[in-house]
Amino acid sequence: MTDAVDRTVVQAFLDRPGRPPAALKPLLQSFRGAAAGGKYVLIEVEPYSRWQLARLSGVPGGGVQPVPGCLYDSLEAAERDVFKRRWNERGLTPAFDPDD
């Protein structure tokens, strides 16, 4: 996947992360299919109300490593952040500001 993704399609996903546009699904599948080591994931800390960003170890049985300070009170906000981090790690442009 290249940075030829239409930015309006990306924005549509960021506006409603639970319902990705069909045009964005190939990119999301490539993010999800990436090697496990270091991949961003979400841990549900409190059922339906709080999530923690973490990274997979990539080693079977190695667990996850929480990312300090990355807690979310909304699943949508958590999913947006994971998307932006995966986008930036792929070097796609324009890069997202992690604080937005």
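**Exercise 1.** Where is the place of P20?

*Solution.* The model is predicted: local features need pLDDT of at least 70, side-chain atom pairs count only at pLDDT 80 or more, and totals for chains, interfaces and linings use all residues. Residues are numbered from 1 along each chain as its sequence is written, and side-chain values use heavy atoms, with hydrogens and water left out. Helices (DSSP runs of H or I, at least four residues) and strands (runs of E, at least two) are numbered from the N terminus. On this scheme, P20 lies in the loop between α1 and α2. Its relative accessible area is 22%, so P20 is partly exposed; buried means under 20%, exposed over 50%, and partly exposed in between, with a 1.4 Å probe and protein chains only. From P20 to L92 the C-alpha distance is 18 Å, with their positions 72 residues apart in sequence.

**Exercise 2.** Determine which elements line the largest pocket, and the character of its residues.

*Solution.* A pocket is an open set of points on a 1 Å grid over the protein atoms alone, where a 1.4 Å probe fits, with protein on both sides within 12 Å along at least five of seven lines; lining residues have an atom within 4 Å of a point. The volume, which is the space filled by probe spheres set on the points, is about 190 Å³ for the largest pocket. Next, consider the elements: α2 (25-32), β1 (40-46) and α3 (75-89) each supply at least two lining residues. The greatest contribution comes from α3, with four residues. Among the lining residues are F13, Y40, F83 and R86. Finally, the lining divides into nine nonpolar, no polar and three charged residues, where Ala, Val, Leu, Ile, Met, Phe, Trp, Tyr, Cys and Pro count as nonpolar, Asp, Glu, Lys and Arg as charged, and the others, Gly among them, as polar.

**Exercise 3.** Describe the aromatic pairs formed by F83 with F13 and with F96.

*Solution.* Rings of Phe, Tyr and Trp (its six-membered ring) pair if their centres lie within 6.5 Å; planes under 30 degrees apart are stacked, over 60 edge-to-face, and the rest tilted. The whole structure holds five aromatic pairs. For F13 and F83, the ring centres are 5.0 Å apart and the planes meet at 50 degrees, so this pair is tilted. It joins distant parts of the chain, F13 in helix α1 (residues 7-15) and F83 in helix α3, 70 residues apart. Both F13 and F83 are buried. The pair of F83 and F96 is edge-to-face, at 6.2 Å centre to centre and 70 degrees between the planes. Here F83 in helix α3 is linked to F96 in the segment after α3, 13 residues away. F83 counts as buried because its relative accessibility is 3%, and F96 is buried at 10%. Ring pairs finally join F13, F31, F83, W87 and F96 into a cluster.

**Exercise 4.** How do β1 and strand β2 pair?

*Solution.* Two strands pair if DSSP finds at least two bridges between them. β1 and β2 (residues 50-56) are antiparallel, with six bridges. Within this arrangement, E46 stands opposite R50 in β2. The hairpin has three residues between the strands, and Y48 takes a positive phi near 60 degrees. In addition, the charged end of R55 sits over the ring of Y40, 4.0 Å from its centre; the criterion is NZ of Lys or CZ of Arg within 6 Å of the ring centre and within 35 degrees of the ring normal.
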